[in-house]
Amino acid sequence: MLRKLPVLLVGVLGLASSAGAQEARRPPEHRSPTPAWAPRGVLLGVSAQDGLVASQTKVQWQFTFYQDRKDAFALLLEGSLSWGLAFPDAEEGKAQNAVRSFYQHSPQVGVGYRNHLPGQVHWGFQVTGGPVFYGADFDGGLEKDRRVAGLIEGRVHLGYQFGDIAGGLAVGYAEVFGYKRRSLARFFVGGPMVGLFVDWR
């Protein structure tokens, strides 16, 4: 029995050293270079809804609640500013087409997934929601429209990971809810969106 003990110890130590070598080859868990209170992402893009094209500028804070080597789930806080850039042509029966200025601004909260591997494709998705403050001015004697409603938005990111920074294309869609039906500006809130993102989470 005592003769078998050294053989058993050598075998156990060999397995432990093999496991340690595999652990050493495993890429380290991602650690954000940015403090949690600072923004960790930005998006510049455009949205289009009912013939109106609007700018989209979004700044995002990300608070990771699950993180392993490459996968991360985060609580998201996002602020967005948007102004009309191009407006629809006049059309009979569509009073809202008399719009000459438009804005929609929204603070949002939600959750997102990020896949982070340095030197590889970066992708992720998110769902956020919150109030949207929107308004429009119209020609033809129509009154100004200033409202608050709800907005829910889904977005997909696809790009490339450059060390701690990711960049690429984002595509999304936003849907307004809880609006007043007499609001003319509501026709232009939300809609499909495309833009370029930079993420340094």
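This briefing walks through the aromatic contacts, strand pairing, surface patch and salt bridges of the structure above. The model is a predicted one. A search of the whole structure turns up 7 aromatic pairs, and the salt bridge count comes to 8. F73 is a handy place to start: this residue pairs with the ring of Y66 and also with the ring of Y113.

**Aromatic contacts**

- Y66 and F73 make a tilted pair, with 6.2 Å from centre to centre and 50 degrees between the planes.
- F73 and Y113 are tilted too, at 5.1 Å between centres and 55 degrees between planes.
- Since F73 belongs to strand β3 (residues 71–81) and Y113 to strand β5 (residues 99–115), this pair ties together parts that are 40 residues apart in sequence.
- How covered are these rings? Y66 is partly exposed at 40% relative accessible area, F73 is partly exposed at 34%, and Y113 is buried at 8%.
- Zoom out a little and Y66, F73, Y113, W123 and F125 form one aromatic cluster.
- Elsewhere, R186 sits over the face of F187, 4.3 Å from the ring centre.

**Strands behind the rings**

- Strand β2 (residues 52–67) and β3 run antiparallel and are joined by 10 bridges.
- The two make a hairpin, with 3 residues between β2 and β3.
- Y66 has F73 as its bridge partner in β3, and these two residues also form an aromatic pair.
- On to the next pairing: β3 and β5 are antiparallel as well, over 10 bridges.
- Here F73 stands opposite Y113 of β5, its other tilted ring partner.
- P107 is also found in strand β5 and is partly exposed, at 43% relative accessibility.
- The C-alpha atoms of P107 and G129 are 8.2 Å apart, with their positions 22 residues apart along the chain.

**The nonpolar surface patch**

- V121, W123, F125, V156, L158, Y160, F162, I165 and V198 make up a nonpolar patch on the surface, together offering about 850 Å² of accessible area.
- Two elements give two or more residues to it, namely β6 (121–138) and β7 (145–162).
- Which element gives the most to the patch? That's β7, with 4 residues.
- F125 lies in strand β6 and counts as partly exposed, with 41% relative accessibility.
- W123 and F125 do double duty, as they belong to the patch and to the aromatic cluster.

**Salt bridges**

- R100 and D139 form a salt bridge whose closest N and O atoms are 3.1 Å apart.
- That pair links distant parts of the chain, with R100 in strand β5 and D139 in the loop between β6 and β7, 39 residues apart.
- Both ends have some access to the surface: R100 is partly exposed at 46%, and D139 is partly exposed at 41%.
- D199 and R114 form another salt bridge, at 3.2 Å between the closest N and O atoms.
- D199 lies in strand β9 (residues 191–199) and R114 in β5, so this pair ties together parts that are 85 residues apart in sequence.
- Are D199 and R114 buried or exposed? Both are buried.
- R155 and E153 form a salt bridge with their closest N and O atoms 2.6 Å apart, and both residues are buried.
- These two are also members of a network, in which salt bridges with shared partners join K58, E78, E153 and R155.

Definitions and conventions
Residues are numbered from 1 along each chain as its sequence is written. This is a predicted model: local features need pLDDT of at least 70, side-chain atom pairs count only at pLDDT 80 or more; totals for chains, interfaces and linings use all residues. Side-chain values use heavy atoms; hydrogens and water are left out. Rings of Phe, Tyr and Trp (its six-membered ring) pair if their centres lie within 6.5 Å; planes under 30 degrees apart count as stacked, over 60 as edge-to-face and the rest as tilted. Buried means under 20% relative accessible area, exposed over 50%, partly exposed in between (1.4 Å probe, protein chains only). A charge sits over a ring if NZ of Lys or CZ of Arg is within 6 Å of the ring centre and within 35 degrees of the ring normal. Two strands pair if DSSP finds at least two bridges between them. Patches are made of residues with over 30% relative accessible area and no salt bridge: like charges are joined within 9 Å, nonpolar side chains (Val, Leu, Ile, Met, Phe, Trp, Tyr) within 5 Å. Accessible areas come from the Shrake-Rupley method with a 1.4 Å probe; for residues, only the protein chains shown count as cover. A salt bridge is a side-chain nitrogen of Lys or Arg within 4 Å of a carboxyl oxygen of Asp or Glu.
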